[in-house]
Amino acid sequence: MPKSVARVLFPVSVPEPFDYLAPAGTPVRIGDFVYAPIGKQVKLGVVWGFGETDPDRDLKSIAERKSCRPLSPEMLKFVDFTAKYNCAPLGMVLRMVIRSYKALDPSPMVDFYTPKGDRPAGLTPARQRVLDLADVWPGRASDIAKAAGVSPGVISGMAKAGLLTRTHAPLDPPFVQPRPAHDGRAFELTSGQNQAVLSLSKLVEETGFNAALLDGVTGSGKTEVYLEAAAKALEHGGQVLILVPEIALTQAGMRRITERFGAEPAQWHSAMGDAARRRVWREVATGRAKLVVGARSALYLPYTDLQLIVVDEEHDSSYKQEEGVIYNARDMAVVRASLSGASIVLASATPSLESLTNARTGRYAHVILPERPGAAIMPEVGLVDLKEHVPEKGRFLSQPLIDGVSQALEQGDQAMLYLNRRGYAPLIICRACGERLKSPDTDSWLVEHKRTGRAICHHTGYSMPMPKACPACKTDGSLSPVGPGVERVAEEAAILFPDKTIEILSSDTAGNPERIRERMAKMAAGEIDIMVGTQMVVKGHNFPHLTFVGVVDGDLGLAGGDLRAGERTYQTLVQVAGRAGRAEKPGRALIQTHLPEHEALVALANGDREAFIKAELGMREMLGLPPFGKLAAVIISGPDAPKANEFAQKFLKLAPRVGIDGGDIEIMGPSEAPIAILRGRHRRRFLIRADRNINLPAYMRTWQGRIRVPSKFKLQIDIDPQGFM
Ligand code: ADP
């Protein structure tokens, strides 16, 4: 008779579950967390299914079942789908789900202390110090003792003496429940917003999966609209997930959510500490946390009753995870919603062409907010032809940009200069011998950072002190910066506007999320005159006194072999320009360019999104690119160039001949990746284009299955690539 087995998946790089005998006595269910022996260890895994095997096969038994709630069948399906679609090992996707082992157990109960009654006279200095503490209450004995610089014995002594109250409570408290009926908004929704709310609420109330694109110009108040949809889902007792591109930057957004629901949402992002992670995971898994705001990885939390997912700024490229399991959280969110029978709202002022096409063909509802509320109007956008308005030698701001900044400052407003380049100068060159400073193990130039006095590789983080002499010809003082970074633009602005407050905002100058938030708040409060910023500044911030935005290099991003360059440039520039004129003051944006005839820029200047979309879609259709066709990339890396070439050629020969469903597949490459060497590894790329009727992930899996990858090589598959480096 065949033997029954439980199939257990471990959160490691394995493609499938392993067979075990189910433990005698405790039955296990699908989705249960169990400990089982693997090699010499006992590891945590998840029961993925049951099956039968040969009676003579020697099998080990599951050692222990955790008593927590099992993962839901839809979660298991979601993990399976993610792995299959993205050609990733199943176990690695499970690893994205299990983010805290401690969260599988209930929160430990601990003692908390708070001061009690009036302070009696004659206290010892130690006891006084404890009562003088301001913000540790209610706290644990060890934390209070540490803050006051006393021994923990002092705390228990004070409790006994009736100076402190002791309460026994969970270490990780549940979240305060959001209240859908709470209304902390200071204004009325516009009729356009109300209509949009109505459309979305209807979708949320319908049973089963549905999707909507919330398509509204920058500053049109999309957040308020999707929060009302969230309120509907919460009213029905469901869980709501709001995905945001960069959580560190959404403090203002977080405040609005907290005000709307009278409670702070659970927050999730990759930089969280263990305690916060454990708490959120557990509360989501038990269904008690109803409202989660998170970065892309929040999609893999074990929701029990997900009713709505919102993907804010759905076009944003940070939804794509480029390392480990390569996936696009926006696309996977649609899958998650469909598996859960939930609604999904994709929100953006500049929707991706994929989502826009889905909305226009009726797969998604199309909910449009055409204008800003109240007196706020869209900024006027102009182009500055750099061939005509040449900046002074060694400078980067043309006269029209300088005038724009002056005008805003004269009116007592603020200005922003945008350049998506960190550091001082993107290239360091020797005037004596022409040497360019290069990263030692990577194919990229070193970027000068004046503030830290270092030369940095932006691809690997390698850095060294800025040399005084050229490393090649040894000439002293011959190294000079080429091109602008934000530090250099800020330096130029300081020369032009010497008595103004100028601040830089980029991921490295601002340092940590706390400092980024501080600067954002300073900007919003009008304490900064000119903000010079990278990508960081474009995401959904409201600066009421900002009336002029100058884009230093509108061409950055248009060049190169990136298929989405036009789309991304257009999106970024619309978002940047959209920072201006958010409140009652009209705003203006000027974009410096060498390509004033480029269709993305012309469309931008004319405020004619339709023209841009039409041109871009036309080009995509002609070339069979998304959304009219499908793309995948393969990145192969090896220890040296000949070996990488050889392995790439071998892989090419193994390509399946025909598309699984018929239809056309084109394989381009292998060719050297634009960054041909990264951390000493030689990289080759393929780009695969397929007709729309082809199941490209299935094709790629078949291809991948035909090769064994020796350990000195790495082969990555990227479905629907967003980056091409
Ligand atoms: P979007 O996400 O569409 O760019 P936001 O939701 O950030 O826009 O809203 C832009 C600004 O307009 C915010 O400061 C918001 O508080 C404000 N706002 C939104 N709706 C209204 C309204 N009905 N009346 C007044 N101000 C509003």
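These legends accompany several views of one predicted protein model with its ligand.

**Figure 1. The whole protein, with 20 helices and 31 strands.** The radius of gyration of the protein is 29 Å, and the globule rule gives 27 Å for 725 residues, so this chain is as compact as a globular protein of that length. Along the principal axes, the C-alpha atoms fill a box of roughly 85 × 80 × 65 Å. Of the 725 residues, 52% count as buried. The protein exposes about 32,100 Å², and carbon and sulfur atoms supply 52% of that area. How do contacts relate to distance along the sequence? Take the contacts between residues at least 6 apart in sequence: 74% of them join residues at least 24 apart.

**Figure 2. The ligand and the residues around it.** Which residues come nearest to the ligand? Of the 17 residues around the ligand, the nearest are Glu188, Gln193, Gly219, Lys222 and Arg256. Begin with the backbone: an N or O atom of Glu188 lies 2.8 Å from a nitrogen atom of the ligand, and a backbone N or O atom of Gly219 lies 2.6 Å from an oxygen atom of the ligand. Lys222 uses its side chain instead, with a polar atom 2.7 Å from an oxygen atom of the ligand. On its own the ligand has 560 Å² of accessible area, and the protein covers 80% of it. Helix 7 gives the largest share of the shell, three residues. Sorted by class, the shell has four nonpolar, eight polar and five charged residues.

**Figure 3. Ser220, in the loop between strand 8 and helix 7.** This loop lies between residues 210-216 of strand 8 and residues 222-235 of helix 7. Is Ser220 buried or exposed? Ser220 counts as buried because its relative accessibility is 2%, and the cut-off for buried is under 20%. The side chain of Ser220 reaches the backbone oxygen of Val217 at 2.7 Å. Leaving out residues up to four places away in sequence, Ser220 touches Gln193, Leu369, Glu371, Arg372 and Pro373. You have already met Gln193 among the residues that come nearest to the ligand.

**Figure 4. Leu563, in the loop between strand 26 and helix 16.** Strand 26 spans 546-551 and helix 16 spans 565-577. With a relative accessibility of 24%, Leu563 counts as partly exposed. Which residues does Leu563 contact, beyond its neighbours within four places in sequence? They are Glu616, Leu625, Leu631, Leu687 and Phe724. For a sense of scale, look for Tyr20: Leu563 and Tyr20 are 543 residues apart in sequence and 48 Å apart in space, C-alpha to C-alpha.

**Figure 5. Two cis peptide bonds, each leading into a proline.** Most residues other than glycine have a negative phi, and most peptide bonds are trans. The bond from Pro626 to Pro627 is cis, with omega near 5 degrees. Pro627 lies in the loop between helix 18 (609-623) and strand 28 (629-638). A cis peptide bond also joins Gly669 and Pro670, where omega is about 10 degrees. Pro670 is found in strand 29, residues 665-678.

**Figure 6. Lys474 and Arg679, two residues with positive phi.** Phi of Lys474 is near 65 degrees. Lys474 sits in the loop between strand 22 (463-465) and strand 23 (479-482), and its 60% relative accessibility means that it counts as exposed. Phi of Arg679 is near 50 degrees. The place of Arg679 is the loop between strand 29 and strand 30 (681-691). Arg679 is partly exposed, with a relative accessible area of 48%.

**Figure 7. Helix 20 and what covers its buried residues.** Helix 20 runs over residues 696-705, where Leu696, Pro697, Ala698, Tyr699, Met700 and Trp703 are buried. Which elements cover these residues? Among them are helix 1 (73-85), helix 19 (641-653), strand 28, strand 29, strand 30 and strand 31 (714-719). Now look at the N-terminal end of helix 20, where Asn695 forms a cap. A side-chain oxygen of Asn695 lies 3.1 Å from the backbone nitrogen of Ala698, and Ala698 is one of the buried residues of this helix.

Technical notes. Residues are numbered from 1 along each chain as its sequence is written. This is a predicted model: local features need pLDDT of at least 70, side-chain atom pairs count only at pLDDT 80 or more; totals for chains, interfaces and linings use all residues. Side-chain values use heavy atoms; hydrogens and water are left out. Helices (H or I, at least four residues) and strands (E, at least two) are DSSP runs, numbered from the N terminus. Buried means under 20% relative accessible area, exposed over 50%, partly exposed in between (1.4 Å probe, protein chains only). A polar contact is a pair of N or O atoms within 3.5 Å; within protein, one must be able to donate a hydrogen and the other to accept it, and residues adjacent in sequence count only if both atoms are side-chain atoms. Contact means heavy atoms within 4.5 Å. A residue is near a molecule or strand if one of its heavy atoms lies within 4 Å of it. Accessible areas come from the Shrake-Rupley method with a 1.4 Å probe; for residues, only the protein chains shown count as cover. Ala, Val, Leu, Ile, Met, Phe, Trp, Tyr, Cys and Pro count as nonpolar, Asp, Glu, Lys and Arg as charged, and the others, Gly among them, as polar. The radius of gyration is taken over C-alpha atoms; the globule rule is 2.2 Å times the number of residues to the power 0.38.
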